[in-house]
Amino acid sequence: MENLLIGHLVKVEGNQFTVKLISDEEGYNPLVSTGSSATLVGQIGSHVSIQQSGVHVLATVISTWESSDDDEISRFLNCMPLGEIDNNEQFSRGINQYPITQADVFLVTEAELQSLFSSNADYGFSMGHLGNHSDVQVYMDPNPLFGRHLAILGQSGAGKSWTVASLLQNTVQTMPNAHIVLLDLHGEYCWRDENNKLKGAFSPSVMRYVDARDLEIPYWLLTYAEIIDLLIDRTDPGASIQIAFLREVLMTLRKEANEGLGYDRLSVDSPVYFSIDDLFLHFKNANEQQMDFGKTKGALFGQFDEFLVKLQSKLNDARYDFLFRPKRRKNSDSLEGLLRDFTGLTEPKRQITVIDLSPVPSDVRPVVAAQLGKLAFEFNYWNPRRKEFPIQLVCEEAHAYIRRDNDEKFKGTRIAMERIAKEGRKYGVGLTVVSQRPYELSETVLSQCSNYICMRLTNPDDQQYVRSLVPEGQSDLVSILSALGRGEALALGEAIPLPTRFQVEAPSPTPNSHDADFFNEWSGEPFEVNVADIVDRWRRQIR
Ligand SMILES: Nc1ncnc2c1ncn2[C@@H]1O[C@H](COP(=O)(O)OP(=O)(O)OP(=O)(O)O)[C@@H](O)[C@H]1O
Ligand SMILES: [Mg+2]
């Protein structure tokens, strides 16, 4: 066997080892072949093994540098220990026995790497291969990956959407009974081509495409608190009267409209139908009530002017039609159909439901996203067979609606998604958040993620933030994020035996997220752009 000794430990600190590479005269070769591939010694993200009388530690390279002294050049590696390898060649996280200086440092062979990932190989769920060992598949454990929430982070164009497509394609291939709901903000995963033909990143046999407006999430699904957030300005001096009256009216209307359903205990929050027009009328009548031919005014006279204006403007706003003017979901029975559409249980059943939010105007998206988050949670919360029916909610561009700041507009989405992040595990609801601005994303959601697929990220603020989130002892690895190429990722967390830098397998088909081809388009023939059509689409809010 070839000699893979590359150096010796010269410094040992808690979480960092310094290795002095053996010099050229001693046989140092910067390019060593292990198995089928040649490895550049000390490549960032590559693995080394440190051995010394019974101690066997696996570490990953974080940085490399050299110094010259009396014309002699010495090369060094900075490594981060990942865990120990026992006598059976099994890897375990954490270090019980530290090596001391002068310990031998070896390059890890392809076979050794294979065996490190073998613990997960039985699932057959691979996300790609090691960058410098294309034969070594990176297998993940799907249980913690989906059950304990996943964050896919990286700057624009780093390859997040391709990773999502690749991940989900592999998921339905290895687990044909998967239940995934994907919130697609830009229509990247399913779209219509020039001939109006539906195209997608997933085969039609596994995917259902739903235009978020057609899903029709009716207003009557909103809870009392959600209706308050949507219709009442809490800073208004008359807010408390509006809130109290709303409660009374809501209770009455929900009960009246559903007497035939046979539920004896309905609450203000029950997901049952009521008429929004009746709600408007109740407020209007109370606001205008006069007795004794106009001599005495009702107790609530004039109290609801603002509320009525706000409600009326929402009812007249075409952007809110999917909420306030449902065409199909106009009675309590229609909730079943909504849940079936949402979870892919409408015949024929589908594994992935892509909910296209791109036609929904951006200021209404948070309201829709909040309801989708709520549906995912409530479905399994009330599902007695939840453990056999785990659901994964994938939120693309999550920073756009699961916000860190306390903006009232995003409060509903934050509450819904944070509830999944905090309690979803118990009810079989997993969350995947995908974002290019982790710093703007809800801290609660991110910190509940036990798995991170980090792609290229150069912004120091975002890097610093990710560093503070990732599992203890692995934060130094974040410094390699700016060195990653397109489609390259660093996986951290419970689903993978050790933190790993790898190349994500390109999806097939790919999502519709290609960069514009400036050179070719700008070098080609000019053509007429239909500006009138652009204006029309903008006004109609149709893309
Ligand atoms: N695994 C991969 N293998 C090869 N090329 C890739 C891979 N991932 C991404 N790319 C390339 O990078 C481009 C951008 O990828 P993608 O759309 O996934 O970026 P993104 O991180 O989702 O960006 P944004 O934040 O703007 O949505 C792709 O069009 C593709 O050309
Ligand atoms: Mg993307």
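This report walks through a predicted model, from its overall layout down to a single residue.

## The big picture

Let's start with the whole chain. The protein has 543 residues, and 41% of them count as buried. Its C-alpha trace spans about 110 × 60 × 45 Å along the principal axes. As for secondary structure, you'll find 16 helices and 24 strands.

There's also plenty of long-range contact along the sequence. Take the contacts between residues at least 6 apart: 67% of them join residues at least 24 apart.

## Three domains

The protein is divided into three pieces: domain 1 covers 5-117, domain 2 is made of 140-195 + 340-514, and domain 3 covers 221-315. Domain 2 is thus written as two stretches of sequence, with domain 3 numbered between them.

How far apart are the centres of domain 1 and domain 3? Taken over C-alpha atoms, the separation is 69 Å.

## An open sheet

Now for a sheet worth tracing by eye. It is open, has 11 strands with mixed pairing, and runs in the order E11-E10-E24-E23-E22-E12-E21-E20-E13-E19-E16. At its edges sit strand E11 (133-139) and strand E16 (207-211), each pairing on one side only. On average, neighbouring strands of this sheet are turned by 25° against each other, direction ignored.

At the E11 end, strand E10 (residues 126-130) pairs with E11 in the antiparallel sense, over 3 bridges. Here Ser-126 stands opposite Tyr-139 in E11. Helix H11 (residues 365-381) packs on the sheet. This helix touches strand E13 (180-184), strand E19 (352-356), E20 and strand E21 (429-435). The direction of H11 makes about 165° with that of E20.

## Zooming in on Leu-393

Strand E20 (residues 391-395) is home to Leu-393. Is Leu-393 buried or exposed? Leu-393 counts as buried, because it has 25 C-beta neighbours inside 10 Å, and 20 or more are enough for that label.

Who are its contacts? Leaving aside residues up to four places away in sequence, Leu-393 touches Val-181, Gly-373, Ala-376, Ile-420, Val-429 and Leu-431. Val-181 falls within the residue range of strand E13 (180-184), while Val-429 and Leu-431 fall within that of strand E21 (429-435). Gly-373 and Ala-376 lie in the range of helix H11 (residues 365-381).

One further distance to look up is the one from Leu-393 to Phe-377: these two are 16 residues apart along the chain, and their C-alpha atoms are separated by 9.4 Å.

Technical notes:
Residues are numbered from 1 along each chain as its sequence is written. Chains are lettered from A and ligands numbered from 1 in the order in which they are written. This is a predicted model: local features need pLDDT of at least 70, side-chain atom pairs count only at pLDDT 80 or more; totals for chains, interfaces and linings use all residues. Helices (H or I, at least four residues) and strands (E, at least two) are DSSP runs, numbered from the N terminus. A residue is buried if 20 or more other C-beta atoms lie within 10 Å of its own, exposed if 12 or fewer, and partly exposed in between; C-beta atoms are placed from the backbone. Two residues are in contact if their C-beta atoms, placed from the backbone, lie within 7 Å. Domain bounds come from an automatic or database domain assignment. Two strands pair if DSSP finds at least two bridges between them. Axes are lines fitted to C-alpha atoms, for helices over the stretch in contact, and angles run from 0 to 180 degrees between N-to-C directions.
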